[in-house]
Structure formats: structure tokens, C-alpha cells
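I opened this notebook to keep a record of what I looked up, starting from a single peptide bond and then working through the packing of the fold.

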Amino acid sequence: MKNTGNISKIICIIIMIILMAGVLSTVSAETDTGQPTAVTEQAVQTSVKVDPPKLKVGSAKSRQVTLKWNKIKGATHYQIYHKKGKNKWKKLKTFSASKTKYTKKKLSMKMTYSYKIRAKVNGVWTSFSPKVKKIKVKGKYKQPSMYGSNLSGKELRKVRDRVANFVNKNQTWRLSQAEKAELAAQYVSRSIKYNDRNRTKYYNTAYGGLIRKKGVCSAFMRSYKALADGMGLKCKCIHTNVNFSAHQWCHVKVEGTWYVLETQSGTWMGKVSKPDRNSDDLFENYYVMKR
């Protein structure tokens, strides 16, 4: 009977060892999709209370994006996941602890890409950061273009790249229509310098405004139009001749209402019932430019 009791104790000890080994292996396991298991998440919360890196778009072009993130103390690796459109998340790349940026090239101009990052600290992956997006840029870049009828294909591509950088660095997909409209208005009015001297072929184009940072009122208007198109805002280019003095500005549709924007100063002048009527507009004898 004594021997039987000892054998029972030994069996119980062996069973406990087996169960403990199973728990430990589960804690270190990950799913095939790269997502931590429920046990792993609990381990992260209790033993590695570290926030994930903060991911942002450092710069962008029509077909590439540069991602940047902050260093996490004690991290040995960083891992970026991505997805195309509405597809599933996939692991893009794993980086050493010294890396804080990555450039992804050869992207499709017609696709939106999403990215998120996590860090490995003390052998355990943190949760993922909030996602950032490299969104496709809308616009009319075929010659002749509203952004400048005399611009070459190469010059229009540079305009499109500048718009892509603005849209993605500011992550405008997160903004309301009103926030988008105001962001572009302030950018155009503050970054472009009015200059009607030494005129070149660019002085009244979006290339002059967004690339060379100088031009006349039409450069402000066309630059705003390019940014608005890139963000998906409805925008009309307006031209007027009053007392033989030409001027140009924009009508912008925000939350269902058309507004008059003096693009040169970034000032909202009031509402207009329709973008092609002047009965309730500040200016007279204008027409909507079309292309």
C-alpha cells in the first residue's frame, strides 16, 4: 500500500510537469497570421508593458512611400505588416533594432496600401501600432491638364508626386471635408509666393505653385485644385475679368455646400448656391474654367 501511494504521487508530479510545459509552449506561440494568441497577449500585458512604435509617413510619391517610426527601449526587432486595399494583413519585413525608416517602391498608383508596426521586447512582440495609409491620388494628369495646359508629362508627374506627398504625410483620409479644405487652403496661401515678375511658362500653373513655390493668382488656384482633387474634394476653378483686371479663385464643395475660396490669401469669402452662378457671389462676370 505504501508503494502504491508513492507511485500515485510520482504520476501526479509527471502530469503537472507535462501541463506546465504545454502552457509555456503556448505562451511563446503565434498564429500563422502573425497575430499573438490570447495567452501571448496576456503575457505581453503582464510582463512587457511596452507601447508599440509610432508609425508615420515620412514622405511619399505616386508610386512609393517612406515609413518612419520611433525607437523602443529594449527592442531587438521591428516588424511591419501591410495590406493592399481590403486584402488581409501580411508580414512585409522584419528589421533590426537600429532601423527607424523604410522605403517601399514600385507601388501601384491605383491602389491604397495600409501599414502597421510592432516591436519585439524581451522576446515578446508588442501590440501593433495604429495603421497608416498610402492612399491613391486622384486627379487629371493627362495633357492638356487643368493644372497647366502647357505642362509636359514629366512636369505633371512631378505635380502628382507633390500632391501624393501632401495627401499622405498629412494622412488626409482621417480628416473631414472641412478639415481637408482648410488644410489645403492654408498650405497654398502660405507656401506659394506671389510673383508676376520674370514670368516663365510656369507662372500660372500648379507646377509653378507646388514645385517652384511662386506664381500669380492662377498658380494659387491651380495648385489648390490639384490638392483638392488629390483628396477627393469637389473643386471648380473660377476666372473673372472686372474692369479689365483678371483674377482667379476656387469654389469648393464642403459637406454639401459650395464655398468661395480666395486661394491667394486662403480666405473663405462666403457661400454660393451653385459653382457656375454668380448671383450670390462676391465677384461678378466670372465663368467656370473647364477641361
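**Entry 1: a cis peptide bond.** In which loop is P144 found? I located P144 in the loop between strand 8 (132–134) and helix 3, and I keep in mind that this is a predicted model. The bond that joins Q143 and P144 is a cis peptide bond, for which I read an omega of about -10 degrees.

**Entry 2: the whole protein.** I then stepped back to the overall make-up, where I find six helices and 15 strands in the protein. Of its 291 residues, 42% are buried. When I take the contacts with a separation of 6 or more, residues 24 or more positions apart account for 55% of them.

**Entry 3: the nonpolar cores.** I looked next at the largest nonpolar core, which has 35 residues, and noted that Y141, V159, V163, Y224, L227 and V252 touch the most other members. At least two residues of this core come from each of helix 3 (153–169), helix 4 (177–191), helix 5 (206–211), helix 6 (217–231), strand 11 (234–242) and strand 12 (245–254). The largest share is that of helix 6, which supplies seven residues. I also recorded a second, separate core of 20 residues, with V57, L67, I80 and Y115 among them.

I singled out V163 and, leaving aside residues up to four places away in sequence, listed what it touches: V137, Y141, L210, A226, L227 and G230.

**Entry 4: helix 3 against helix 6.** Two packed helices are described by the angle between their axes and by the distance between those axes, so I looked up both values. Helix 3 and helix 6 pack at an angle of about 60 degrees, and their axes are 9 Å apart. Roughly perpendicular would require 65 to 115 degrees, and helix 3 and helix 6 are therefore oblique to each other. I noted in addition that the crossing of helix 3 and helix 6 is right-handed.

On the helix 3 side the contact is made by V159, V163, F166 and V167, and on the helix 6 side by A226, L227, G230 and M231. When I sorted this contact by class, I found seven nonpolar residues, one polar residue and no charged residues.

**Entry 5: G58 and a contact far along the chain.** I turned to G58, which lies in strand 1 (residues 55–61), and asked whether G58 is buried or exposed. The relative accessible area of G58 is 15%, so I enter G58 as buried, the limit being under 20%. Not counting residues up to four places away in sequence, G58 touches T66, K68 and K169. G58 and K169 are 111 residues apart in sequence, yet their C-alpha atoms are 6.3 Å apart in space.

**Entry 6: positive phi outside glycine.** Last, I checked backbone angles, and K213 has a positive phi of about 65 degrees although it is not a glycine. I place K213 in the loop between helix 5 and strand 10 (214–215), and at 26% relative accessibility K213 counts as partly exposed. E255, also a residue other than glycine, has a positive phi near 50 degrees. This residue, E255, lies in the loop between strand 12 and strand 13 (257–262), and with a relative accessible area of 53% I enter E255 as exposed.

Technical notes. Residues numbered from 1 in each chain as written. Predicted model: local features only at pLDDT ≥ 70, side-chain atom pairs only at ≥ 80, totals over all residues. Heavy atoms only, no water. Core = buried A, V, L, I, M, F, W, Y, C linked by side-chain atoms within 4.5 Å. Buried < 20%, exposed > 50% of the residue type's maximum accessible area, 1.4 Å probe, protein only. Helix = DSSP H or I, 4+ residues; strand = E, 2+ residues; numbered from the N terminus. Contact = heavy atoms within 4.5 Å. Axes fitted to C-alpha atoms, helices over the stretch in contact; angles between N-to-C directions. Parallel < 35°, antiparallel > 145°, perpendicular 65-115°, else oblique. Left-handed = near helix turned anticlockwise from the far one by under 90°. Nonpolar A, V, L, I, M, F, W, Y, C, P; charged D, E, K, R; others polar.
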